[in-house]
Amino acid sequence: MNKKWWHDKVAYQIYPKSFLDTNGDGIGDLKGIISKLDYLKELGIDIIWLSPIYKSPFIDQGYDISDYYSIAKEFGTMEDFDELLSEAKKRNMYIIMDLVINHCSDQHEWFRKALADPDGEYADYFYFREGKNGNPPSNYRSYFGGSCWEPVPGTDKYYLHMFAKEQPDLNWENPILRQKLFDMVNWWLEKGLAGFRIDAIMNIKKDLDFPDFGPDGPDGLSGCWRMIESVDGIGELLDDLKKNTFEKYEAFTVAEAFNLNKSELNKFIGENGYFSTIFDFSAQCLSDGKHGWYDSPDITFKKWRETIINSQLDVQKVGFEANIIENHDEPRGVSRFLPEYARNADGTKMLGTISVLLRGIPFIYQGQEIGMQNAIWKSVDEFNDINTIDQYYIARKAGLNDTDALAACSKMSRDNARTPMQWDSSKNAGFTNGTPWLKVNSNYKLINVDTQEKDSDSVLNYYKKLLSVRKSDEYIETFTYGEFIPAYENTETVMAYYRVFNNKRILVIANFGKDTATVPVEYSFKHIILSNKGRSSLPTTSISLESCEVLVLECDN
Ligand code: TEU
Ligand code: CA
């Protein structure tokens, strides 16, 4: 395998709106990010992914871009952005941006021009289609509810939007549009960007027949995702994208690509794949409900363990996946993957260790390093997210009362990860002097950066150790390239794996159970690399792990 510059890096996702506000408007900004670069450097971060910071009406928090070449005024200016790039560079850190090219905002000039002349060239930047017998062209439900088709005023046509109606889908079949997108990507790469996280990329290839599917909900519609799941030909588009942009710059790209088959992995993330890496969402997908969040199943430990293990085994034959426990679309990992008795500092460290030492690129989401948790939501009015509000009404329509619908949304809401970053125990968790755009989690006095910096035993200080171990001269190759070998799979509560490279073998082992778990030693141990409970003596014949205990051990290979 040819080594790439990003193979051994650790990444961190910033959700700018909720990171740090420096001018009191209640919205995080670029100056806030710049002021925390040293914090991130010290944590052990190399690559920073910024969720969208482009000009936007913020219908979907910036995932609706109205100008790909400007910075949203809420976040600052292009000068601020250039400063961020150069300050990151000084610290040997890399900035990647979100690339949202399946759709743009309805306020983008392309879409305005398309509406102004529905038969003109800009209409062909989008999917404008005639209706069928007074109905939309097909029966698709968008991800955020309602039909995917919105009437084009003054015509008998509709335009396609797989997300909100303010997010019209871009027509990737149009070579002129493609070239404009490539030019834009190259413009940012020329500026010194290290790469992109690529949004909803599986959505760019449509079935141009737009066939109807059998209804799958009481609204009589069928999820639009069925169309993209059943169409071929995305590969050519992705290859074209890569060859015209990323490849020339050795850019690092991480795609949001759901539902890939094993057999497609090589094309996506193999040596000559379309992308550097893709996120492993397999554990997140375990809570997909059949009809929505209200029927989302609980995740059992065994299912979660099996899912992570299978995914690691499949991917390591091919390339690298990006490992997460949470992101801006998902609930907090601690609240989701840990049983209630484990949602404490030890459990948080344990979950972090298992995730960060997997084979692949670790992505840490802001606040994960201090163990931020889901918020307690008291009313649907507290949510801001378009998706959450839609899911609340889906639950109500399915017959749930307010309390149960709210509980379903509280468990799954994207706003759980979007509450402001908890910096200290002062008002608004030190996030803003003004009124935060989304409420601060009420636990901020217990969980915040400042308190944890002062406590040598904190989650934050543990994460620092964890990342420095992963990146240490001694172990970096093992954790980067080492084979992943699952261990103790037949136990009830132990999640464990070896990482093996050349003459080094490391065991990562954790007990997710409520009681102590004991397993026999398979390889004798040399040295404890990491322990979340301050263990200092090496296990000899058996390993007994307390509840929520994790150990990283170097073995005699
Ligand atoms: O998410 C795309 C995506 O995966 C959604 O279909 C997802 O299933 C949905 O958000 C469930 O909550 C990306 C971004 O990460 C998300 O924040 C945006 O809202 C979306 O694209 C549209 O740009
Ligand atoms: Ca601000």
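This tour moves through a predicted model, from an annotated stretch of the chain to a ligand, then to a pocket and a cavity.

**The annotated stretch**

Begin by selecting residues 13–418, which an unreviewed UniProt entry annotates as "domain: Glycosyl hydrolase family 13 catalytic". Colour this selection by secondary structure, and you will be looking at a stretch of chain that is 33% helix and 13% strand. If you then mark the C-alpha atoms at the two ends of residues 13–418, you will find them 12 Å apart.

**Ligand 1 and its shell**

Next, select ligand 1 and show the residues around it, of which there are 15, with D60, H103, D199, D329 and N387 being the closest. Which classes of residue make up this shell? Colouring by class shows seven charged residues, together with five nonpolar and three polar ones.

Now zoom in on the side chains that hold polar atoms beside the ligand, taking them one at a time. Start with H103, where a polar side-chain atom lies 2.9 Å from an oxygen atom of ligand 1. Move on to R197, whose side chain has an N or O atom 3.0 Å from an oxygen atom of the ligand, and then to E256, where a polar side-chain atom is likewise 3.0 Å from a ligand oxygen atom. Switch to a surface view at this point, and keep in mind that ligand 1 has 480 Å² of accessible area on its own, 87% of which is covered by the protein.

**The second largest pocket**

Hide the ligand and select S335, R336, F337, L338 and R343, which are the closest to the centre of the second largest pocket among the 27 residues that line it. The volume of this pocket is about 590 Å³. Which element gives the most to its lining? Select α12, at residues 333–337, and you have the answer, since α12 gives three residues. The helices α11 and α15 (402–412) also give two or more residues each. Coloured by class, the lining divides into 13 nonpolar, ten polar and four charged residues.

**The largest cavity**

For the last stop, turn to the enclosed spaces, of which four reach 30 Å³ or more. The largest cavity has a volume of about 120 Å³, and you can find it by selecting I308, I324, I325, S355 and L358, which lie nearest its centre among the 13 residues of its lining. Add α10 (282–285), α11 (301–316) and α13 (345–356) to the view, as each supplies at least two lining residues, with the largest share, three residues, coming from α13. A final colouring by class shows nine nonpolar, three polar and one charged residues around this cavity.

Methods:
Residues numbered from 1 in each chain as written. Chains lettered and ligands numbered in written order. Predicted model: local features only at pLDDT ≥ 70, side-chain atom pairs only at ≥ 80, totals over all residues. Heavy atoms only, no water. Near = heavy atom within 4 Å. Polar contact = N/O pair within 3.5 Å; in protein donor to acceptor, adjacent residues only side chain to side chain. Areas by Shrake-Rupley, 256 points an atom, 1.4 Å probe, with all protein chains shown as cover. Nonpolar A, V, L, I, M, F, W, Y, C, P; charged D, E, K, R; others polar. 1 Å grid on protein atoms, 1.4 Å probe; cavity = no way out; pocket = protein on both sides within 12 Å on 5 of 7 lines; lining within 4 Å. Points joined across faces, edges and corners; volume = space filled by probe spheres on them. Helix = DSSP H or I, 4+ residues; strand = E, 2+ residues; numbered from the N terminus. UniProt positions renumbered as here; feature names shortened; annotations may be inferred.
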